[in-house]
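Colleague: Please take a close look at a single loop position in this model, and then lead me outward from there to the strands and to the ligand.

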Amino acid sequence: MRLYYIKITIFILLAAVIFCLPIHAQSEEAFTLQEKIKFYRQIIKQEQDPQVLAETHYKIAELLETLGRDTEATAEYLKIILNYPRVAYFSKKAEERLAILYGKFKETPEITKDPAIFFTYIKSLYETYRDQGKYDKAVYLLKKLIKLHPSNQAYYLDIGNIYLDGYNDADTALKYFNKLVELNPEHPSVYTDIGLAYEKKDDVENAVKYYRKSVEISPLNAWSMYGLLRMQALKLAEEKKLVKDWYFIGPFDNADGKGLEKDFGPEDKIEDLNKAYKGLNGTNIKWFRAFSYADSGYVDLNKMFQVNDSVVAYALTYAYSEKERDLEIRLGSDDGICVWFNNQLKFKKDVTRPAQFDKDIIKVRFVKGWNKILVKTAENWGSWGFYFRITDSNGNTPGDITFDPLKDDNRVKKIYARLKRQKGMQIARTTFFYGFTLLILLLAVYFLISNIYNKIKIRQMKEDFISSVSHELKTPLAAIKMFTETLNMGRVKSEKQTKEYYATIIRETDRLTRFINKILDFQKIEKGKKIYSFEKVNIKNLLTSAINIYKDQVQDEKLVVEEEYSDDLPEIELDEDAMLQVLLNLLTNAYKYSKVEKYIKVKARAEGNLIFISIIDRGMGVSKDRITKIFDKFYRIDRDAAKDIKGSGIGLAFVKSVVEAHDGEIAVESQLNRGSTFTISLPIKREG
Ligand code: ADP
């Protein structure tokens, strides 16, 4: 019953959603502009079709313009250009509107329409894309902006840097930097970036040339200083071999300033790190390989992490030594630094000073094989990074040290296995999610279909019931009518025949009455109106009288009923009438569904607090898959063999209800074409 309510609820909810959507859409006309915008935003959340999304953004933008909220409208137009460039119609229209808005901003630079707002907004938008690694979007936006505002120098620098650091494409970066040089040959920082681009191309000569140029143009500029440092680093890198392969984790928030003091060991304690320090902006913390520092000895963390506050980060590398020996780690840092060598803290300094090679020397003993070097750096302000190199006691780099952790087979395998595991987990999670959703959908469909199916089935069973009931009524009525008419016409001559005719009329009338009573009784039970009156009854007597009544009813000489009762049958409390009907029903079935051998055995025995009564026949039996259904009301087996047997499908439902009202149970064992045993168990002493 509860299931039924759940099904109905699901159905109503679905119907409500389906019906409410058009209603919602229809009332669009009545919206205020503000509400319309809200409504369109809702659509954006639910829609996936780019065409519709582009159009909806466009509508929002138009409304915003009508409301005089030009900056917000700009954002909407930009979203169309950025996200749906393929929806040509709207993206072109958006571009046109953007150009008009830009003109408007230029012409009326009042407080609310300040072009600065326009550009600040767009700048932060592409910076966000860039920081999220969505370089395509950032570049797309920058190119549009350059079209609108070709004299803005910052755009060339920004787009060039995205090509340089994001795409690792030094050539395209150089194109943009050179355009900037055309616009402003005295630009304070472009030459440093050009130098970096050449560094990336391994063109040391040009790199040094441009760093030098930056120093010449503005000697006191921070960028020029940076170029100078890189120049020195490049020279060092040329001369001595420096560590290349670093893995990084971070940045962690170091707002309390304690990050540098607290020591965490190797990379497998990332969990602990995570607990103690949160990644900035709630980022996921994981180790990754450096990609944007030049391989020149200076590890520039500013380029890898968007530092905007006090932070700490970890850098990890492995150095392979062919033999065990004493070596030195020489380092210099922009800020605080800690160094662990093979999991032992070897160096801890919280100083602020420019990189100074060869001053802080850590003496360590290298083991044969891979040696782990873990560095932690902290930044309070300004630049963030460190210089690093491994030397012998004379400051020379030993030629046989390898700094490529990926050459370590075991490590590669471990990393690979971990990645595979992660991927596996991801696939499992996705599969589980979709599988689960599909399952729910299937269940919902199953319930809906089974509901409809059940309704059809019940209706059909009811129709069958009515036709079989009319059949059962019609047969005795026809017989009564025929015999009464014959008698009435005085056609029956002999006394004996007259008596026989009367007897038949009485028998058929009795059958009719019994049948009608059976239906009335069943109806009472169905409505819960059946009242039982319990009294002590002798089971043996009850069974014998049921058999006699039945034999009398059928008047079939071929019927054999065998009885087998144990001696200890006690009296039990029963509603005698109801139980008699139960037995008659079971006897009727045993007789009806036995076509060849009309043999019935009735057994009764007591065991513990129970009495077991079995009605056994050698008839056609019931197949296993139907056995649970035969107690359902109106259910009839439509097997060929049982086709001509009359019935209404309520007999066993009645039996079950009466037995259960006596706190008893009914069980059935049956074998097709071998026979059935219906066993009622009743408590001798009922509770309550
Ligand atoms: P009906 O009026 O059809 O006999 P019942 O509720 O008494 O209705 O029985 C339901 C179905 O169970 C019958 O249609 C019949 O197929 C099957 N059934 C009941 N008793 C027996 C039996 N002794 N042997 C074989 N089949 C039986």
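**A loop asparagine and what lies beyond**

Modeller: N168 sits in the loop that connects α8 (153-166) with α9 (170-183), where helices are DSSP runs of H or I with at least four residues, strands are runs of E with at least two, and both are numbered from the N terminus. Before going further, please keep in mind that this is a predicted model, in which local features need pLDDT of at least 70 and side-chain atom pairs count only at pLDDT 80 or more, while totals for chains, interfaces and linings use all residues. Residues are numbered from 1 along each chain as its sequence is written, and side-chain values use heavy atoms, with hydrogens and water left out.

N168 is not a glycine, and yet its phi is positive, at about 60°. Its relative accessibility of 43% makes N168 partly exposed; buried means under 20% relative accessible area, exposed means over 50%, and partly exposed is in between, with a 1.4 Å probe and protein chains only. In helix α8 we find D158, which is buried at a relative accessible area of 14%. D158 and A138 are 20 residues apart along the chain, and their C-alpha atoms are separated by 9.5 Å.

A second asparagine invites comparison. N342 belongs to the loop between β6 (337-341) and β7 (344-349), and this residue, although not a glycine, also has a positive phi, of about 45°. With a relative accessible area of 28%, N342 is partly exposed.

From there one can turn to strand β8 (residues 360-366), where D360, I362, V364 and F366 point to one face and are buried, whereas I361, K363 and R365 point to the other and are not. In a regular strand the side chains alternate between the two faces of the sheet. β8 pairs with strand β5 (residues 325-333) in the antiparallel sense over 7 bridges, pairing being assigned if DSSP finds at least two bridges between the strands. R365 in β8 is the bridge partner of D326.

Helix α4 (residues 70-83) may also be worth a look: it has 14 residues and spans 20 Å from its first C-alpha to its last, close to the 20 Å expected at 1.5 Å a residue, the expected span being 1.5 Å times one less than the number of residues. Because 10 of its 14 residues are buried, α4 is largely enclosed by the rest of the structure; among the buried residues are D70, Y77 and L82.

The route to the ligand leads through a set of paired strands. Strand β12 (residues 560-565) pairs with strand β14 (residues 599-607) in the parallel sense over 6 bridges, with E563 opposite V602. β14 in turn pairs with strand β15 (residues 610-617) in the antiparallel sense over 8 bridges, and here R605 stands opposite F612, while I600 stands opposite D617. The hairpin of β14 and β15 has 2 residues between the strands, and in it G608 takes a positive phi near 60°. β15 and β17 run antiparallel and are joined by 7 bridges, one pair of bridge partners being L610 and P683. As 7 of the 8 residues of β15 are buried, this strand is largely enclosed by the rest of the structure.

D617 also brings us to the ligand, since it is one of the residues that come nearest, along with Y593, R636, S648 and L652, of the 19 residues around the ligand; a residue is counted as near if one of its heavy atoms lies within 4 Å. An N or O atom in the side chain of D617 is 2.9 Å from a nitrogen atom of the ligand. A polar side-chain atom of N589 lies 2.9 Å from a ligand oxygen atom, and a backbone N or O atom of G651 lies 3.3 Å from an oxygen atom of the ligand. On its own the ligand has 530 Å² of accessible area, of which the protein covers 98%, as computed by the Shrake-Rupley method with a 1.4 Å probe. Two or more residues of the shell come from each of α18 (576-592), α19 (651-661) and β17 (675-683), and α18 gives the most, with 3 residues. The shell divides into 9 nonpolar, 7 polar and 3 charged residues, where Ala, Val, Leu, Ile, Met, Phe, Trp, Tyr, Cys and Pro count as nonpolar, Asp, Glu, Lys and Arg as charged, and the others, Gly among them, as polar.

Conventions: A polar contact is a pair of N or O atoms within 3.5 Å; within protein, one must be able to donate a hydrogen and the other to accept it, and residues adjacent in sequence count only if both atoms are side-chain atoms.
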